[in-house]
Amino acid sequence: ALQILPMDREIAEALLALLGEEDDPRERVDLLERPLASEEGDSAAELALRLADEWAALDDDEAVLRVLRRGYEACPEKDDVRHRLESWYHDRQQWRPLADFLAGEAARLDDPVRSVALLRNAAAIHGESLSDPSSASAALSLARGYAPSDLALLEDLVRLRASAGDHGTAVEEVSAALEEQEEGASSVVDLLLLRSELRMATGATADAVVDLDVAYMMAPERVEEPLLTGLEAHRVSSAETEDASAERAATLRLAELLREKDEGRARDLLAGWLVRDLGDREALRMIRDLDEAAERWEEVAMTCARLVDVEEGDEQVEAALHMADAWERLERPESARAHLERVHQSQPAATAVRDRLWALYEQTGAKQELATMLVTDAANTESADERFELLRRSGQLFVESEEGAAMAVTPLEEAARIK
């Protein structure tokens, strides 16, 4: 009869009642299982659990799995069946079937929070137990469909993608999330840091530094260390690829950031760069400022001498005056004379240099040189009164100087013609 109606539970129960203890127990459980295929809902779940116990007592794992899967298919909302099936996979370390089961359960539920949790568990199994980051990232990608604004979930996803070697997709996903953030939101900093890390891992150090610079403007204290690390990586990478322009930019930016934090390191970076480019004006100014702040006056004087050689206009005047200040502090003011004279000759209108040179000549007793300079200054002066005074003073200095009396005649005669 059961062969004619194989799915009828009442017939199966009647036959079971006829079996005695001497009959094959497997035949008894097999008879009990026949109707399971036609059962639905709670009755299917209850029968599946009963059968699972029966087959377990007979040490038939395959049969236990078979009836539990049928019970779950017939009544997936039944917690007892679902937990029993999940435990069966877990206890036997059937990791891939367990991960697939969890993903299927996530798809069945109408609860995004629970679905995300299940898919996170599935991803953990793929990643940790199966060493399969690709499948793990696929599970988290499904989870993001339930929680697209969950940035922690996004971070876990892109890190998995990166571990699987798919940095390109990871960067694209973070970029898409950035476009959805409100301007100025703290999440923007989080995502910029994450994207910079991904870019750094692929050697795209320039793009990574751009992200870090933007983040630094929003949260300087938080981003300072990552930015320093990123700039150093970019500097080294640029040097290795012989991209001098990029290396220079990274070096100077690093020195700027390190000025207060690690002045010694900042100076070493600048000094190293200047070995390769002796005339880099910006780097020279930066190292001069560092040395001035540290009162390393001889280094200041040497750097300013190089600046006088490469600067023009107001910047050259500034370099000459800084150099004169440095030599003054070293009690060797005469060491600045040659550079001051050179700047004065090329920029006679720079009164600050002229005045400094006057003072130096007077301080060192160089009367003849000062007198000669006053004659030149008089020739470049439009005011008759000022020209007269310069010429008169020049003549007086020539008279006072050794072997200079004869040279006093010309300026004094010219002064007499003015008044």
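This report describes helix α11, the two largest pockets and the residue T169 in a predicted model.

## Helix α11 and its surroundings

Helix α11 runs over residues 186–201 and so comprises 16 residues, with 23 Å between its first C-alpha and its last, which is close to the 22 Å expected at 1.5 Å a residue. Immediately after this helix, G203 adopts a positive phi of about 85°.

A substantial list of residues in α11 is buried, namely S187, V188, V189, L191, L192, L193, L194, R195, S196, L198 and R199. The cover over these buried residues includes the helices α9 (151–163) and α10 (167–179), which precede α11 in the numbering, together with α12 (205–218) and α13 (220–240), which follow.

## The largest pocket

The largest pocket holds about 270 Å³ of space. Its lining consists of 16 residues, among which R159, D190, L193, L194 and E197 are the closest to the centre of the pocket. The elements α9, α11 and α13 each give two or more residues to this lining, and the largest share, seven residues, is supplied by α11.

Sorted by class, the residues that line the largest pocket are eight nonpolar, three polar and five charged. Two of the residues named as closest to the centre, L193 and L194, also appear among the buried residues of α11.

## The second largest pocket

About 150 Å³ of space lies in the second largest pocket, whose lining is made up of E341, H344, Q345, P348, Y361, E369, T372, M373, T376 and N380. At least two of these lining residues come from α19 (337–346), and at least two from α21 (367–379); the largest share, four residues, belongs to α21.

The class composition of this second lining is three nonpolar, five polar and two charged residues.

## Residue T169 in helix α10

Where in the model does T169 lie? This residue belongs to helix α10, one of the helices that cover the buried residues of α11. T169 counts as partly exposed because its relative accessibility is 26%, a value that falls between the limits of under 20% for buried and over 50% for exposed.

T169 can also be placed relative to V158, from which it is separated by 11 residues in sequence and by 8.0 Å in space, taken from C-alpha to C-alpha.

How values were computed:
Residues are numbered from 1 along each chain as its sequence is written. This is a predicted model: local features need pLDDT of at least 70, side-chain atom pairs count only at pLDDT 80 or more; totals for chains, interfaces and linings use all residues. Side-chain values use heavy atoms; hydrogens and water are left out. Buried means under 20% relative accessible area, exposed over 50%, partly exposed in between (1.4 Å probe, protein chains only). Contact means heavy atoms within 4.5 Å. On a 1 Å grid over the protein atoms alone, a cavity is a set of points where a 1.4 Å probe fits but cannot get out, and a pocket is an open set with protein on both sides within 12 Å along at least five of seven lines; lining residues have an atom within 4 Å of a point. Grid points are joined across faces, edges and corners, and a volume is the space filled by probe spheres set on the points. Ala, Val, Leu, Ile, Met, Phe, Trp, Tyr, Cys and Pro count as nonpolar, Asp, Glu, Lys and Arg as charged, and the others, Gly among them, as polar.
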